[in-house]
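Visitor: Could you take me through one spot where two helices pack against each other, in some detail?

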Amino acid sequence: MMGINSYLKKTSSAAPLAVFRICFGFMLMGSLIRFWAKGWIDSLYIKPTYFFSFYGFEWVKPWGEYTYVLFLICGLCAFLVAIGLFYRVAIIGLFLSFSYIELIDKSTYLNHYYFISLICLLLVFLPAQVYFSVDSYRNKHIRAQFIPQWNIDSIKLMMAILYFYAGLAKVNSDWLFHAQPLSIWLPARNDMPIIGFLFNYAWIPYLFSWFGCLYDLSIPFLLWNKKFRIWAYVAVIVFHVLTALLFPIGMFPHIMMVAALIFFSADFHQKVIDRLTSIFRIPSTWLHDNLSYQSPRFLHVGFMVFFIFQMAFPFRYLAYPGELFWTEEGYRFSWRVMLMEKAGYAQFTVKGTNGLQAVVNNNLHLSTLQEKMMSTQPDMILQYAHHLRDYYANMGFTSPQVYVDSYVALNGRLGKPMISPHTDLAKEQDSFSHKTWILPFNDTIKGF
Amino acid sequence: MKKYLLIVLTGLIWACGSNGTGTDEPTPQEDGKDRKAILIHLADHVIIPSYANFKLKLDAMLAKSDAFTSQPNTANLQAFRSAWIEAYIEWQKVELFDFGPAEKQTIRNFFNIYPANEIGIQSNIADPAANLEVPASYAQQGFPALDFLINGVAKTDEEIVAYYLTPVEGTKRIAYIKRLTTRMNSLLDKVINEWNTTYRETYVSKTGLDISSSTSLMINGFVLHYERFIRSGKFGIPSGAMLNGVVAPEKVEAFYKKDISLVLAKTAHQAYVDFFNGKAVKTGFEGPSIKTYLDALKANDSATGKNLSEIINAQLEATKLKLDVLKPNLYEEVKTNNQAMVTVYTEMQKTVRLLKVDMTSAMSITITYTDNDGD
């Protein structure tokens, strides 16, 4: 216990957290602007007539045309966080608005959005504004040059969990021994300049799979260790630049490359700040007050609980029978990234007891993205079936029954039906318990 | 910085490669993963020659059509009709290229949307300025409209000829036939012209697999063609398999001529099989194709080790066998032997799954068109 107590008392320069706040805020603002500019607010949150809400978050709905306002609030909060103005309000606003957006529709779920939400939540309780922020410039009472070491370490730990669990998820037979799904994805890029021809070789996906797995598992430790840090960071750049070039994964590589700077020393971050002050001709006297910030004691327990939860939650899949990649029960919120090439086809038939019957045109209810996501994920198939039940009940079908003819291919295996075609999905309830109407995978993917 | 690192890494991987796994790896070209080779073969030996063949048949039809319209008599009608049949059959071999120029001109919408809209056709005859560019006019032109005009306006050939010899009205009817055939000719010319000038180069150079790449557009068009126009259009809708068992014999292709509906379907199906296998139109030689690409990717059923391309070909063959037992007149088949029609649909549904899920997934192609099932 003495060890823990003395660790909790250890202080560090506030500079790394301040630099992280600035980078994180601007990156997030940039990614929101990009999202807006690509017209995705309209196509993902306004145009669709149905949204796949998360279990327990059914009350989260898009705001119609006002969804733009939601993004505006979110972007504004990100900017305020970056410059450190009205920090507490801004970071709470950022956490709430960003999480709200991500909870609107499951089909847009991305692990890195979840990561951003979690970092925002941590930042709500961390003193990222006490140093080199507009708030601390205006109010000398909140200024501090030193903060508890664990404040910074908690950001590092969050990143370490992301990487390590992403690596752990790759320790499976599909990834390591069949190089799936990279064996499918990489040949698709064989027309790239310079390196494209490599992807014609069967061993390249294996090399990439093993490198990716080892990278994810080891990078947090290498970054944490002063001796390897520079080389580890070079690996971070190489890895994420490669993934950015090869796969359409948007802002994620860029966010990770910038976020990983948090592992660098206080000196490094101080130099960054000194550089910024000289570029923008900011007076620097207020940055050297020698004051320390004390985090409230309840946070010790709070953060501990948070991290224990983070470390345990990805293992919840063990509570379900069946193959995780097939059922996806416990798949989300577990840092399982780019692990599956999964494609599917789902055709629904609705029957009323009054003899009415219809084969559903998914196009009338779902966007292309939503249909693609729904057709491979059992929980979304169920949600959609319930939507169809209600829709056709309104169309005059009495107590509609909903059946699905599904067909799913996973990681290069030939497709097969995923959902029992004889189950009336209208009567099945969604819950955290195992969905018995998912047909068995009849194959094993060994590993995590 | 990023570029520099990438080059270093490339060098490293290159170095590993050359002293590593050795020289028995096939070169990319032999390996069949070279999409450019596939695109070149399909463009030069399948697509462009198919359009050229169709152009010949359409020209022949135009000549017979002109002969009939300048002198409506039964001999000219019969000659026009058989040229129409030949062109309609040949059309089935190009309808599947629904990407690039064909998609840009939406040629299929103007050539083969059926059942024909009789009321619309009649009102267009009355109004020579009627707009034929809008979606509402799709079913008022192309092969199905001609089907109505030369096979469906009366029972016997004499009566049909009489229909065009009616004073005042007859001239307008003849003018409409001319308008339709001229329009078909000019649309086809636009498509062929673009293939022969700029598009061939665009097609063979966009070798990626992103949603705007040639392969992605082609595969999307190819899968959609099977799902919506072969499976649903020719069998699913008329047989009622897609509409709660409500049969609609009047929705078969070539409804007025009736006895060519099967040959149209079989031709379309064979053209589909041939395109999948990259069969050159002139020589019959099977070159780089979707099939060879899937083989190069080693796409197979991991349970049995069977090639995906073999599975697809076997399923297409199984479908063909179901087609073979049908009688030439699908209108009659729907009315008297509909179970055989439904069986074809069911067999085709299995093919759709293989194409839409297994094939695209193995190729890492995203299906970007939206479903139209149940329409």
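Guide: Start with the angle bins: under 35 degrees counts as roughly parallel, over 145 as roughly antiparallel, 65 to 115 as roughly perpendicular, and the rest as oblique. Keep in mind that this is a predicted model, where local features need pLDDT of at least 70 and side-chain atom pairs count only at pLDDT 80 or more, while totals for chains, interfaces and linings use all residues. Residues are numbered from 1 along each chain as its sequence is written, with chains lettered from A and ligands numbered from 1 in the order in which they are written.

Now to chain B, with helix H11 (residues 214–239) and helix H12 (residues 261–276); helices are DSSP runs of H or I, at least four residues, numbered from the N terminus. Their axes come within 11 Å and cross at roughly 155° (lines fitted to C-alpha atoms over the stretch in contact, with angles from 0 to 180 degrees between N-to-C directions). So H11(B) and H12(B) run roughly antiparallel to each other. The crossing is left-handed, meaning the near helix is turned anticlockwise from the far one by less than a right angle.

Who does the touching? H11(B) brings Tyr226(B), Ile230(B) and Lys234(B), and H12(B) answers with Ala265(B), Ala268(B), His269(B) and Tyr272(B) (contact: C-beta atoms, placed from the backbone, within 7 Å). By class, that contact has five nonpolar residues, one polar and one charged; Ala, Val, Leu, Ile, Met, Phe, Trp, Tyr, Cys and Pro count as nonpolar, Asp, Glu, Lys and Arg as charged, and the others, Gly among them, as polar.

For a side glance at another helix, H2(A) is followed by Gly39(A), whose phi is positive, near 80°.

Key
Helix = DSSP H or I, 4+ residues; strand = E, 2+ residues; numbered from the N terminus. Contact = placed C-beta atoms within 7 Å.
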